[in-house]
Amino acid sequence: MSQDVSFVADAMKQAVPYVKTTGIEFEEVSAGRVVVSLPDQPALHNHIGGPHAAVMFGLGESASGAVVMAAFSAHLGKATPLAVRADISYKKIAMGVLRAEAVLGRSADEVLAELESGTRPEFPVTITITNAEGVTTGEMTVVWTLKPAR
């Protein structure tokens with residue numbers, strides 16, 4: 001039986017003001033994969049008329065946070081998810097609407113087993129950022145941890 005994660009889009013918009021402020025939309029949400037999109041907004045443009053690099057980073061990081069929330073929501077009483085580090089590569093000039101796909105890099109069960117054993121787990125989320133034509137404009141990895149509740 002799969003976990004119901006339909007709450008994630010609304011929860012992200014409430015818990016993370018950046019998501020609501022930038023207009024990030026949730027296209028697909030599952031416990032292992034999230035797809036979000038960002039409408040083209042002149043207020044978020046850079047000097048060449050496309051989404052600013054910081055906006056691309058924010059879109060990818062938001063997608064990664066949503067997949068972490070979806071994967072571990074049932075365990076948030078035991079641990080707090082925190083981003084540890086991130087890496088982004090800008091592949092092509094981004095213009096127009098952007099889409100980010102975030103995929104959990106380790107199984108949630110494996111991460112939770114580490115947490116239960118007393119180890120503070122780290123796990124990657126990989127993100128691919130594409131334009132409206134499906135061209136990859138950025139690739140990103142965010143490493144997350146689950147900090148045990150005290």
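**Figure 1. Burial and exposed surface of the protein chain in the predicted model.** Of the 150 residues in the protein chain, 42% are buried, where buried stands for a relative accessible area under 20%. The protein chain exposes about 7700 Å², and 54% of that area is supplied by carbon and sulfur atoms.

**Figure 2. Order of the elements and overall dimensions.** The protein chain holds four helices and six strands, which follow one another from the N terminus as α-α-β-β-α-β-β-α-β-β. Its radius of gyration is 15 Å, close to the 15 Å given by the globule rule for 150 residues, so the protein chain is as compact as a globular protein of that length. Taken along the principal axes, the box filled by the C-alpha atoms is roughly 50 × 30 × 25 Å. Among the contacts with a separation of 6 or more, 68% join residues 24 or more positions apart.

**Figure 3. Pairing of strand 4 with strand 5.** Strand 4, residues 98-104, and strand 5, residues 122-131, run in the antiparallel sense and are paired over seven bridges. Within this pair, alanine 102 has isoleucine 127 of strand 5 opposite it.

**Figure 4. The hairpin of strand 5 and strand 6.** Strand 5 also pairs in the antiparallel sense with strand 6, residues 136-148, here over nine bridges, and isoleucine 129 has glycine 138 of strand 6 as its bridge partner. Four residues lie between the two strands of the hairpin, in which glycine 134 adopts a positive phi near 85°.

**Figure 5. Charges of the protein chain.** The protein chain carries 12 positive and 16 negative charges, and the mean positions of these two sets are 6 Å apart.

Note on methods
Residues are numbered from 1 along each chain as its sequence is written. This is a predicted model: local features need pLDDT of at least 70, side-chain atom pairs count only at pLDDT 80 or more; totals for chains, interfaces and linings use all residues. Side-chain values use heavy atoms; hydrogens and water are left out. Two strands pair if DSSP finds at least two bridges between them. The radius of gyration is taken over C-alpha atoms; the globule rule is 2.2 Å times the number of residues to the power 0.38. Buried means under 20% relative accessible area, exposed over 50%, partly exposed in between (1.4 Å probe, protein chains only). Contact means heavy atoms within 4.5 Å. Accessible areas come from the Shrake-Rupley method with a 1.4 Å probe; for residues, only the protein chains shown count as cover. Lys and Arg count as positive and Asp and Glu as negative; His and the chain ends are not counted. The place of a charge is taken as NZ of Lys, CZ of Arg, CG of Asp or CD of Glu.
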